[in-house]
Each structure stands twice: as C-alpha cells, then as structure tokens.
Amino acid sequence: MNRKQYPKQMIRLREKCYDCYMSYEKYARYFLRFLMAFVLFLLIDHRFDYSGRISGVLFVLLLSLIGAVLPDGVFVFLLLAVSAGKIYFLSPILAIAVLFISLVVYVILLQYCDKSILLTALIPLAMFLKVPALPAIIAGLFFSPTVLLAILCGIVVYYMYGSVLNCEAILAKNSKIDMVKLVQRFMDGIAKNPSIYIWSITLSIVCLLVFFVSRMKIAYAFEISIGMAMVINMVFSIVCNILLKGQLSSVWIVVGSLLAGILGYALQSFHMILDYGKVEELQFEDDEYYYYVKAVPKLRVEPKKKA
C-alpha cells in the first residue's frame with residue numbers, strides 16, 4: 001500500500017481524527033459508551049414494551065447515562081437485568097427463565113472472557129442491524145480466539161430474546177396457556193432453532209479466519225483477511241437462508257456483509273495503515289543468532305515545514 005493509493009489528504013485527516021480522539025480520549029470513551037448504551041436500551045425498550053410505567057425516552061436516557069460510566073461487566077449485567085425486568089410484565093415465568101439463562105451466560109463471560117464482554121452486547125445489536133459479521137471481524141482483528149465464547153454467548157442472547165417474542169405471539173392467542181408448555185416453547189425456540197447453530201459456525205469461522213490471516217507474514221494481510229471474511233459470510237448466509245427457506249433477502253445479506261467489511265476496514269485503518277511500498281529487509285547478528293527481519297513502516301504524512 002503506498003501513498004498513491006492513500007492520498008495525503010486522507011492520511012492527514014485520519015491522523016487529525018486520531019490526535020483529536022487521543023486528546024479527549026476519556027470524554028470520547030464516555031460519549032461512545034453512552035451512544036452504544038442509548039441504542040441498546042432503546043432497542044430493549046421498544047421490543048419489550050409491556051409496561052408503560054417503566055419505559056420511554058427519559059427512562060432510556062437515564063439508563064444510558066448510568067451505563068456510560070459503569071465497568072463493562074456491570075454494564076452488560078444491567079442490560080440483561082433490564083431486559084428480564086421488562087419481560088416480567090409479559091410473563092413472570094418467562095422472566096425467570098430469561099434471568100436464569102442470562103445469569104449462566106454472565107457467569108461464563110466473567111470466568112473466561114471478561115475483557116471482551118462488550119462483544120456479547122454488540123452481537124444482538126449487529127444481528128438486528130443486519131451486520132452480524134462486524135463484531136466477528138473486530139474480534140479477529142483486535143482480540144484473541146478466546147473471544148469466540150463472547151460471540152457465541154451473544155448469539156444465544158439474541159435468539160433467547162427472539163424466542164420471547166415468539167412466546168408473546170402465543171400468549172396473545174391463548175393467554176391461559178399452561179406455564180410449563182410456555183417455558184417448553186421458549187426453550188425449544190432456542191435449542192431447536194437451526195439459525196443459532198448456523199450463525200455460531202459462520203461467525204466463528206469469520207473470527208478465526210480474520211485472526212489467523214491478518215497475522216500472516218504477507219503483504220496486505222489485514223485487507224485480505226477482511227475480504228475473505230466478507231465472502232465467507234455472504235456465501236454461508238445465502239446458502240443457509242435458501243436451505244432454511246429464510247425470509248431474509250439475499251440483497252440484504254450482501255449489503256450487510258459489505259457494510260461489515262467496510263466498517264471493519266475503517267476501524268483497522270484508524271488503528272494502523274502499513275506502507276508496503278517502503279518495506280525494508282534488514283539483517284544483523286549477535287553472539288548467538290543471525291537475524292533476517294522484514295520491517296513494514298506505518299503510513300504517515302510528514303508535517304509541513306514552516307517557511
């Protein structure tokens with residue numbers, strides 16, 4: 001990658017944005033966390049609005065302000081707890097089942113992937129926005145393969161809430177349904193849903209592919225890994241959608257995969273751009289070894305010299 005491919009204006013803009021972010025990093029983190037919390041709580045409030053007493057924009061704003069300053073683990077717990085609390089107004093027994101699964105997921109996350117626990121919250125949001133591959137690409141670029149557990153937990157949470165919505169439709173038709181049967185329907189909506197297994201396999205492959213390919217000693221490793229992830233996500237999603245006779249449009253699958261790749265590439269570019277046009281081969285030795293080193297400089301624009 002060289003400066004002909006990256007105009008100086010683009011690189012300079014990136015560096016100004018990066019410098020601005022680092023200058024106000026503390027406040028920027030709180031602002032970004034607030035935005036993420038607002039979108040998530042707004043989605044929860046909209047999808048599970050079973051009580052007009054505990055809902056609305058002011059309720060969402062209050063929760064978002066609280067979530068913006070909480071540690072990652074406590075923030076995710078608050079999301080799960082608020083969801084279970086709102087589901088209580090639909091059915092107390094469903095709320096207990098949701099809370100039980102949420103607690104199991106939460107304990108697993110704290111035990112094995114507490115540093116990437118936010119990915120569990122991002123997966124349901126990304127799947128709702130039709131860009132499920134984005135968190136998997138981010139995980140592969142910036143984390144280790146252990147984050148797969150956080151991704152899988154996020155998929156379980158997403159389909160758990162989907163099963164709640166299915167139970168809502170059942171209760172609307174028959175409000176006197178036996179509670180045991182209702183819980184059985186709820187659990188079947190998770191365990192017997194083929195989509196949960198398909199997305200688990202697809203996003204696991206995407207994450208692992210990006211992780212290993214982006215760390216290979218080849219030119220344009222980051223770009224190749226993201227491109228391969230986009231293609232695999234498209235192919236798996238379209239094939240599975242056809243086999244399962246899904247309602248998701250193939251156009252939306254392609255668009256979502258492209259958006260996920262573009263956003264992932266933008267984040268990677270914001271983090272680092274390598275100048276493959278200036279690769280240097282270095283050789284040196286010490287008392288025990290002779291070293292062959294390939295050095296790839298980061299792409300930067302030299303500051304303008306003052307006259």
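The following exchange asks how terms applied to this predicted model are justified.

User: What does the secondary structure of the protein come to, and in what order do the elements run?

Analyst: The protein has 12 helices and two strands. From the N terminus the order is α-α-α-α-α-α-α-α-α-α-α-α-β-β. Of its 307 residues, 41% count as buried.

User: Why is Ser163 called buried?

Analyst: Its relative accessibility is 1%. The cut-off for buried is under 20%. Ser163 therefore counts as buried. Ser163 belongs to helix α8, residues 148–173.

User: What makes the approach of the Ser163 side chain to the backbone oxygen of Phe186 a polar contact?

Analyst: The Ser163 side chain reaches that oxygen at 2.7 Å. The limit for a polar contact is 3.5 Å. The value is within the limit, so the pair qualifies. Setting aside residues up to four places away in sequence, Ser163 touches Arg185, Phe186, Gly189 and Ile190.

User: How do you know that Asp72 and Arg33 form a salt bridge?

Analyst: Their closest N and O atoms are 2.1 Å apart. The rule asks for a side-chain nitrogen of Lys or Arg within 4 Å of a carboxyl oxygen of Asp or Glu. The pair therefore meets the rule. Asp72 lies in helix α4 (residues 72–88) and Arg33 in helix α2 (residues 25–47), so the bridge ties together parts that are 39 residues apart in sequence.

User: Why is Asp72 called partly exposed, whereas Arg33 is called buried?

Analyst: Asp72 has a relative accessible area of 26%. Partly exposed covers the range between the 20% and 50% cut-offs, so Asp72 is placed there. Arg33 has 13%. The limit for buried is under 20%, so Arg33 is buried.

User: What makes Lys86 and Asp45 a salt bridge?

Analyst: Their side chains meet at 3.1 Å, N to O. That is within 4 Å, so the pair counts. The pair links distant parts of the chain, with Lys86 in helix α4 and Asp45 in helix α2, 41 residues apart. Lys86 is buried at 5% relative accessibility, and Asp45 is buried at 9%.

User: Why is the pair of Lys192 and Asp188 called a salt bridge?

Analyst: The closest N and O atoms of Lys192 and Asp188 are 4.0 Å apart. The cut-off is within 4 Å. The pair is counted as a salt bridge. By this rule the count comes to three salt bridges.

User: How do you know whether Lys192 and Asp188 are buried or exposed?

Analyst: Lys192 has a relative accessible area of 63%. Exposed means over 50%, so Lys192 is exposed. Asp188 has 23%. That value falls between the 20% and 50% cut-offs, so Asp188 is partly exposed.

User: Which residues touch the most other members of the largest nonpolar core?

Analyst: They are Phe41, Ile137, Ile151, Ile155 and Phe186, out of 71 residues in that core. Helix α8 gives the most to this core, with 13 residues. Leaving aside neighbours within four places in sequence, Ile151 is in contact with Ile123, Ala136, Ala139, Leu203 and Cys207. In soluble globular proteins, nonpolar side chains tend to be buried together.

User: Why are α5 and α8 called roughly antiparallel?

Analyst: Their axes cross at roughly 175 degrees and come within 10 Å. Angles over 145 degrees count as roughly antiparallel. The two helices are therefore roughly antiparallel to each other. Residues making the contact include Leu94, Val98 and Ile101 of α5 and Leu149, Ala150 and Cys153 of α8.

User: What makes the phi of Lys130 worth a remark?

Analyst: Lys130 has a positive phi of about 70 degrees although it is not a glycine. Most residues other than glycine have a negative phi. Lys130 sits in the loop between α6 (118–128) and α7 (133–142). At 34% relative accessibility, Lys130 counts as partly exposed.

User: How do you know that Thr202 is buried, and what does its side chain approach?

Analyst: Thr202 has a relative accessible area of 1%. The limit is under 20%, so Thr202 is buried. A polar atom of its side chain lies 2.8 Å from the backbone oxygen of Ile198. Thr202 is found in helix α10, residues 194–214. Leaving aside neighbours within four places in sequence, Thr202 is in contact with Asn233 and Phe236.

Key. Residues are numbered from 1 along each chain as its sequence is written. This is a predicted model: local features need pLDDT of at least 70, side-chain atom pairs count only at pLDDT 80 or more; totals for chains, interfaces and linings use all residues. Side-chain values use heavy atoms; hydrogens and water are left out. Helices (H or I, at least four residues) and strands (E, at least two) are DSSP runs, numbered from the N terminus. Buried means under 20% relative accessible area, exposed over 50%, partly exposed in between (1.4 Å probe, protein chains only). A polar contact is a pair of N or O atoms within 3.5 Å; within protein, one must be able to donate a hydrogen and the other to accept it, and residues adjacent in sequence count only if both atoms are side-chain atoms. Contact means heavy atoms within 4.5 Å. A nonpolar core is a set of buried Ala, Val, Leu, Ile, Met, Phe, Trp, Tyr and Cys residues joined through side-chain atoms within 4.5 Å. Axes are lines fitted to C-alpha atoms, for helices over the stretch in contact, and angles run from 0 to 180 degrees between N-to-C directions. Angles under 35 degrees count as roughly parallel, over 145 as roughly antiparallel, 65 to 115 as roughly perpendicular and the rest as oblique.
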